[in-house]
Amino acid sequence: MLVVTLNLQPMFKRAITYLSRSDSDLGEQVVRFGKEHEFADIIWYPSQHKAVYQMDDCVSTNTSGNGLYDFIPFRATPSLAIADIRAKEENQEFQSDADGKCTSAKLVTSTLITSAYGLTNNGLFFTGYPVIGYQHRLQSSGTCLDSLEDSRITACPWDPKIKGEFFHLTTFSINLSLAKNFIQDVQKLVEIEPKALCGVEIYNGILMRYVTTSSAYLGKQEDAVDFDITYYRSKDPMTPRLYEGILEEIEQLALVKYKALPHWGKNRNIAFDGVMNKYKGSEEFLRVKDVYDPMGLFSSEWTDQVLGIKDGVTIVKEGCALEGLCICSKDIHCAPSKGYFCRPGKVFNDARICTHVTTNQAS
């Protein structure tokens, strides 16, 4: 018989302060900062050369404060406004309007920073840092799912029943000892293409979270930093994104050069190619899996592919790199008819990315 024991932690309070500063020393700060605060996070806006540090620690329950976190992008929003935002982003993509994306990104980030991302000191108003409150009120995310039933006059921005957000998620963990080098490689890409990551900043930049070593068979092998990246996705899988190759190179930098561990739910296919080889406990996991589920009742074709039991996580076909089904090796894996060809990375030469090139360069 399997016995599971839960250990509950007594109620506690937290004190949160967001501090915005230059990202010039982010690589050096990433290791130090995580050790200084119990719930440390960093939000990184690479194209704006800015990092926002979340200084977040436990305090006594006797400390005054009844703060609440209601993250602004996770609130119910008028459906027409959501549709307008999506239409604007689609137009920016169609027009290759990098300046427009950067303007939108600055508006989004400045609004979030000045409004403390949705933190309030008393559940109603933000009056200043630190915001102090009970764990269950500050660990909360947003009120979208608790909003009124109003026939979708308002909706969650990601609701598939309206014209709303449609994006890729790329999330991976890089060992803390390597995080500085990865950050500096991304900064080199920004030096080459300063506007390339404005599109990521529209979705509140790159969220960096700290995770610790785990003894679980498929747990983190070392203390690490999670990098959570959200970015535009076209409704047409054969349509490349603006600065397509930069995000692909970041993805390959992490997964190939820095041997990052992918998030099991927030990634494209290529993140899971050979992933089980990155875990020391993978063979034992599969053994235990067979013991507890010998008939495969809790498995699917997809989980078998991800766990390496069956082939097929990489799908090679025309345009496959655009959706992360493959890493390009031929131009046809990109979108040559739209000017995107398979080329080496700009910083990581072993990367193969779909890059927009002129007719002369293509030939």
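This tour visits a group of paired strands and then a pocket in a predicted model.

**The strands**

Begin by selecting residues 50–59, which form strand 3, together with residues 13–22, which form strand 1. These two strands run antiparallel and are joined by 10 bridges. Within this pairing, select S20 of the sequence and look across to strand 3, where V52 stands opposite.

Next, add residues 41–45, which make up strand 2. Strand 2 pairs with strand 3 in the antiparallel sense, over 5 bridges. Here I43 is the residue to display, since its position faces V52 in strand 3. V52 is therefore a useful point at which to centre the view: S20 stands opposite V52, and I43 stands opposite V52 as well.

Now follow the chain from strand 2 into strand 3. The two strands form a hairpin with 4 residues between them. Select H49 in the turn, where phi is positive, at about 55°.

**The second largest pocket**

Move on to S96, P240, R241, L242 and Y340, the residues that lie nearest the centre of the second largest pocket. The space in this pocket amounts to about 400 Å³, and 21 residues line it.

To see which elements contribute, colour helix 2 (79–94), helix 7 (244–257) and strand 14 (352–356); each supplies at least two residues of the lining. Then colour by domain: domain 1 (13–268) and domain 2 (275–356) each provide at least three lining residues.

Finally, colour the lining by residue class, which gives 8 nonpolar, 6 polar and 7 charged residues.

Conventions: Residues are numbered from 1 along each chain as its sequence is written. This is a predicted model: local features need pLDDT of at least 70, side-chain atom pairs count only at pLDDT 80 or more; totals for chains, interfaces and linings use all residues. Side-chain values use heavy atoms; hydrogens and water are left out. Two strands pair if DSSP finds at least two bridges between them. On a 1 Å grid over the protein atoms alone, a cavity is a set of points where a 1.4 Å probe fits but cannot get out, and a pocket is an open set with protein on both sides within 12 Å along at least five of seven lines; lining residues have an atom within 4 Å of a point. Grid points are joined across faces, edges and corners, and a volume is the space filled by probe spheres set on the points. Ala, Val, Leu, Ile, Met, Phe, Trp, Tyr, Cys and Pro count as nonpolar, Asp, Glu, Lys and Arg as charged, and the others, Gly among them, as polar. Domain bounds come from an automatic or database domain assignment.
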